[in-house]
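Student: I am new to this structure. Please take one part, the pairing of charged side chains, and go through it closely.

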Amino acid sequence: MNSVRFSGLLREFRRHAGLTQQELADLSALSVRAVRDLESGRVHRPRRETVRLLVATLRLEGARRAAFERAATENTEGREAPPDPALIGREAELAALLGLLREGGRRLVTVTGLPGVGKTRLASAAADRLHRSGWTVNGALAAPDALLLVDCLQDGPPIAELLARHPGLRVLTTAAAPLRLPGERVLPLAPLPAPRPAPGADPADLLRQDAVRLFLARLQHVRPGHRLDPAEAATVAELCRRLDGLPAAIEHAAEWCLIQPPRRLLLWARQSPLEPADSPAAGPVLRAALHQSIGELAYAERELLRHLAGPGRGPGRSFEQLLARTRTPAAELATAVHALLVRGLVRATPGATADDLDSGERFTVPYLVRHALLEATTPAPAARPLRVLAATG
């Protein structure tokens, strides 16, 4: 069943409120031209902030508000608009984050993880949901249900002072590592699942994987109207696996599809996944961020990372294996493993099913981190001078 168009709902609700287009524009701080374009259907995908202003001005609540907001995300033919890349595969994480923020005793929540994993996007989506439900976001800190959203925070003390000064304030931060402040709850954000495609896997099943869906969503932005050949589904799924399911790396790889097909990107990624993970427009931003994240580690954490990334690690090491091979006290080793996990530099995968201490999770290093670590420990080759050959007549 086709949905009601946004333009028709806007016109209906404006008239019900007894407002002219000019009056609605004045009250909502929009231009009258913007209101006319929305009602005529010339603009059928309004920005979120525009929808929020219209909802507040028209005083929409309950079912009317839900219908209005739903129509804003649908195209003129009533089909669902392409998914927001910020939320592909992040429904569970978003629900968990909202739950933490809504709990009365959880006043500081920090989202951690690898560079490019989507910390900012997830935090912004949560803040937007809370704002639409009536919270004050980045406004008056003393207001009821006030939320302060701070991106890429590196210094904890100012946040501690704000929390002490405003008892009702909640703070949502994104950071490479926990702030280590009293009462802090940490949500480590993992990359999207990107399993190895099984031989003969159904292309339709592969195209439903979250990592592949993200690749296709970004590909549609780069090449509108392009349709992926089902025969390429396994190639894209393997490419996403080589990129560790890291959202930024997947989106950068999709941008390279403007000049390279997925099969060539996969060959590129097999040599070094950092190459297709670099943005064709912005350059090696993600690579530099990975180097920085590794460089911020304490000595013991960096040595443990090097040990895990060494040759012959196969499916990874269990905690008991690490204890035996590093001869590190258990508490000290656990602290180092935890620090690497919350940063996303190490991931945990299920181990064996035997009932023994060595059957637990295995700790492995993602491809991108492994290659960034190799670059960080390998001297760069000496630059060769550029030789310009003179043309001969």
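**Salt bridges**

Tutor: The side chains of Arg90 and Glu93 meet in a salt bridge, 3.2 Å from N to O (a side-chain nitrogen of Lys or Arg within 4 Å of a carboxyl oxygen of Asp or Glu). Glu93 is partly exposed at 23% relative accessibility, while Arg90 is buried at 4% (buried means under 20% relative accessible area, exposed over 50%, partly exposed in between, with a 1.4 Å probe and protein chains only). Elsewhere, Arg65, Glu69, Asp128 and Arg132 are joined into one network by salt bridges that share partners. This is a predicted model, where local features need pLDDT of at least 70, side-chain atom pairs count only at pLDDT 80 or more, and totals for chains, interfaces and linings use all residues. Residues are numbered from 1 along each chain as its sequence is written, and side-chain values use heavy atoms, with hydrogens and water left out.

Within the network, Arg65 pairs with Glu69, their closest N and O atoms being 3.0 Å apart. Both lie in helix α5 (residues 62-72), 4 residues apart, or about one turn of the helix (helices are DSSP runs of H or I, at least four residues, numbered from the N terminus). Arg65 is partly exposed, at 23% relative accessible area.

Another salt bridge holds Arg14 and Glu39, with 2.4 Å between the closest N and O atoms. This pair links distant parts of the chain, 25 residues apart: Arg14 is in helix α1 (residues 6-16) and Glu39 in helix α3 (residues 32-40). Arg14 is buried at 8% relative accessibility, and Glu39 is buried at 4%. The whole structure has 19 salt bridges.

Key. Helices (H or I, at least four residues) and strands (E, at least two) are DSSP runs, numbered from the N terminus.
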